[in-house]
Amino acid sequence: MAKPKENYNFALCIENKDCEDLEKRKIYQMLPDEEAEKEGYIRVIDESGEDYLYPRSYFIAVQLPREAQEALQLSK
């Protein structure tokens, strides 16, 4: 049986230098953006409710249980 693909659509903020719309130790939803990733950035939905690019080094991708993913997506 094939192992299900791991889901890393969320990231834990570990740095927020000069970023007023990010909170350290908070989990944010990531959105796919291949071009941004090539440049060292990721796209996340921040505290403003909009998606923006932030340095990849500000986050750690996390795998969450399905129930947690659903709860976080519904709260946005």
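**View 1. The whole chain holds 2 helices and 5 strands.** Helices (H or I, at least four residues) and strands (E, at least two) are DSSP runs, numbered from the N terminus. The model is predicted: local features need pLDDT of at least 70, side-chain atom pairs count only at pLDDT 80 or more, and totals for chains, interfaces and linings use all residues. Residues are numbered from 1 along each chain as its sequence is written, and side-chain values use heavy atoms, with hydrogens and water left out. Along the sequence, the pattern reads β-β-α-β-β-β-α. Of the 76 residues in the protein chain, 26% are buried. Buried means under 20% relative accessible area, exposed over 50%, and partly exposed in between (1.4 Å probe, protein chains only). Contact means heavy atoms within 4.5 Å. Among contacts with a separation of 6 or more, 41% come from residues 24 or more positions apart.

**View 2. Five strands form an open antiparallel sheet.** The strand order is 4-3-2-1-5. Strand 4 (51–55) and strand 5 (59–62) are the edge strands, and each pairs on one side only. From one strand to the next, the twist averages 45 degrees. Axes are lines fitted to C-alpha atoms, for helices over the stretch in contact, and angles run from 0 to 180 degrees between N-to-C directions. Two strands pair if DSSP finds at least two bridges between them. Strands of a sheet pair through backbone hydrogen bonds, either parallel or antiparallel.

**View 3. Strand 1 pairs with strand 5 and with strand 2.** Strand 1 covers residues 10–13 and shares 4 antiparallel bridges with strand 5. One bridge partner pair is Phe10 and Val62, the latter in strand 5. Towards strand 2, strand 1 has 3 bridges, again antiparallel. Here Ala11 stands opposite Tyr28. Strand 2 in turn joins strand 3 through 2 antiparallel bridges. Met30 has Val44 of strand 3 as its bridge partner.

**View 4. The largest nonpolar core has 11 residues.** A nonpolar core is a set of buried Ala, Val, Leu, Ile, Met, Phe, Trp, Tyr and Cys residues joined through side-chain atoms within 4.5 Å. The members are Ala11, Cys13, Cys19, Leu22, Tyr28, Met30, Ile42, Val44, Tyr54, Tyr58 and Phe59. Strand 1, strand 2 (27–31) and strand 3 (41–45) each supply at least two of the core residues. Ala11 touches several other members of the chain: leaving aside neighbours within four places in sequence, its contacts include Tyr28, Met30, Ile42 and Phe59. Lys26 and Val62 are also among the contacts of Ala11.

**View 5. Cys13 and Cys19 stay unbonded, with sulfurs 7.9 Å apart.** A disulfide is a pair of cysteine sulfur atoms within 2.5 Å. The count is 0 disulfides. For Cys13, the closest cysteine sulfur belongs to Cys19, and 7.9 Å is too far for a bond. Cys13 counts as buried, at 1% relative accessibility. Cys19 also counts as buried, at 16%.

**View 6. Asp33 sits in the loop between strand 2 and helix 1 (34–38).** Asp33 is buried, with a relative accessible area of 17%. A polar atom of the Asp33 side chain lies 3.0 Å from the backbone nitrogen of Ala36. The Asp33 side chain also makes a polar contact with the side chain of Arg43, at 2.9 Å. A polar contact is a pair of N or O atoms within 3.5 Å; within protein, one must be able to donate a hydrogen and the other to accept it, and residues adjacent in sequence count only if both atoms are side-chain atoms. Leaving aside neighbours within four places in sequence, Asp33 is in contact with Arg43 and Leu53.
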